[in-house]
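Colleague: Could you walk me through the model on the screen? I would like to know what lies behind each label you use.

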Amino acid sequence: MYGIQPQDVQPFWQLLSRQLRYYGVAGVSEQLAWPSDLLQHWQDPNVLLSQTCGFPLVTLLQHQVQLVGAFSYQSPYCSGEYYRSLVVVREDEAGLQLADFRGKIVAYNSTDSQSGYNALRALIAPLAVNGRFFSHGIASGGHYRSIDMIKQHHADIAAIDCVSFALLQRANPTAVAGLKIIAQTEAAPGLPLITSLSTSKEQLLLIRQAISATINSPAAISAKDLLLIKGFSVLPWSAYDVIKHMQHKAFALGVMTL
């Protein structure tokens, strides 16, 4: 789900797929899939293991998937399995805090995004007047495109999840040069790993054991570092209630959109 290349994921997948087979998990594919229609993919009854976003998890996928767990990531803005978004603007902007950007143009990756949309909507809701804070919003299609739009002056502000920001900063420091962070959103559990309802409870347990074994293997250190993965935890569905609370908070204050 992060802005990474397929070749960066492959070393970790090779280790994980080996552990899945070792633990007796059935149906492990040799190759990772990179579906274009994510919602259709997540709802596929044959999905063995995938990663989704917390917002569609609680709004579209409840009662359709099983929660496997979540990775924790190496970012100074992460707290264990919890992550947040960084509200970024151009460095030469005079404003220093969120309230200074009333009436500006916001870029967001998509309306079904927790990090780029729902979390930011909850953050600006107390500052909104008649349900609006920004002049208007532009759907960019991705976090990195939102950053490009800010730097090109097509937008003024965006919320970028801290892991995507850290990955981009490491891979291409010039891409985030000229930006400053003016706010952070409320923390939420990291992007959930899911499996289909057709996965048996026994297989689900084996999947979790295989992931933990991979994470804890000394052989996985470099593969994890490529993805900034630090750990793995099994979280209850209730942990993701904070995401619904963000949506309800914004709606209660009359803010339906960015």
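**Pockets, cavity, sheet and one residue**

Modeller: Happily! Let me begin with the second largest pocket, where α2 and α5 (143-151) each supply at least two residues of the lining. Please keep in mind that this is a predicted model.

Colleague: Which helix gives the most to the lining of the second largest pocket, and how many residues line that pocket?

Modeller: α2 gives the most, with 3 residues. The pocket is lined by 21 residues, and M1, N109, G141, G142 and H143 lie nearest its centre. About 520 Å³ of space lies in it.

Colleague: How do the residues of that lining divide by class?

Modeller: They divide into 10 nonpolar, 9 polar and 2 charged. Gly counts as polar, so G141 and G142 of this lining go with the polar residues.

Colleague: And what is the volume of the largest pocket?

Modeller: The largest pocket has a volume of about 920 Å³. It has 31 lining residues, with L32, A33, L49, S50 and Q51 nearest its centre. By class, the lining of the largest pocket has 23 nonpolar, 7 polar and 1 charged.

Colleague: Which elements supply at least two residues of that lining?

Modeller: Those are α1 (6-22), α2 (38-42), β1 (50-51) and β2 (65-73). The largest share, 5 residues, comes from α1.

Colleague: What makes an empty space a cavity and not a pocket?

Modeller: In a cavity a 1.4 Å probe fits but cannot get out, whereas a pocket is open. A search of the whole structure finds 1 cavity of 30 Å³ or more, and about 30 Å³ of space lies in it. Its lining consists of Y83, R84, S85, Q114, A119, T185, E186 and A188. Those residues split into 3 nonpolar, 3 polar and 2 charged. Arg and Glu count as charged, so R84 and E186 belong to that class.

Colleague: Turning to the sheet, what is the order of its strands?

Modeller: It is an open sheet of 5 strands in the order β6-β5-β7-β4-β8, and the pairing is mixed.

Colleague: Why are β6 and β8 called edge strands?

Modeller: β6 (136-139) and β8 (179-184) each pair on one side only. From one strand to the next, the twist averages 35 degrees.

Colleague: How do you know that β4 and β8 pair?

Modeller: Two strands pair if there are at least two bridges between them. Strand β4 (residues 85-90) and β8 have 5 bridges, in the antiparallel sense, so they meet that cut-off. V89 stands opposite K180 in β8.

Colleague: Which helices lie on or across the sheet?

Modeller: α5 lies across β4, β5 (105-108), β6, β7 (157-161) and β8, at about 150 degrees to β7. Helix α6 (residues 162-171) packs on the sheet and touches β4 and β7, its direction making about 90 degrees with that of β7.

Colleague: One last residue: why is Q64 called partly exposed?

Modeller: Buried means under 20% relative accessible area and exposed means over 50%. Q64 has 31% relative accessibility, so it counts as partly exposed.

Colleague: Where does Q64 lie, and which residues does it touch?

Modeller: Q64 lies in the loop between α3 (54-59) and β2. Leaving aside residues up to four places away in sequence, Q64 touches Q43 and L197. Q64 and W42 are 22 residues apart in sequence, with 8.7 Å between their C-alpha atoms.

Key: Residues numbered from 1 in each chain as written. Predicted model: local features only at pLDDT ≥ 70, side-chain atom pairs only at ≥ 80, totals over all residues. Heavy atoms only, no water. 1 Å grid on protein atoms, 1.4 Å probe; cavity = no way out; pocket = protein on both sides within 12 Å on 5 of 7 lines; lining within 4 Å. Points joined across faces, edges and corners; volume = space filled by probe spheres on them. Helix = DSSP H or I, 4+ residues; strand = E, 2+ residues; numbered from the N terminus. Axes fitted to C-alpha atoms, helices over the stretch in contact; angles between N-to-C directions. Contact = heavy atoms within 4.5 Å. Buried < 20%, exposed > 50% of the residue type's maximum accessible area, 1.4 Å probe, protein only.
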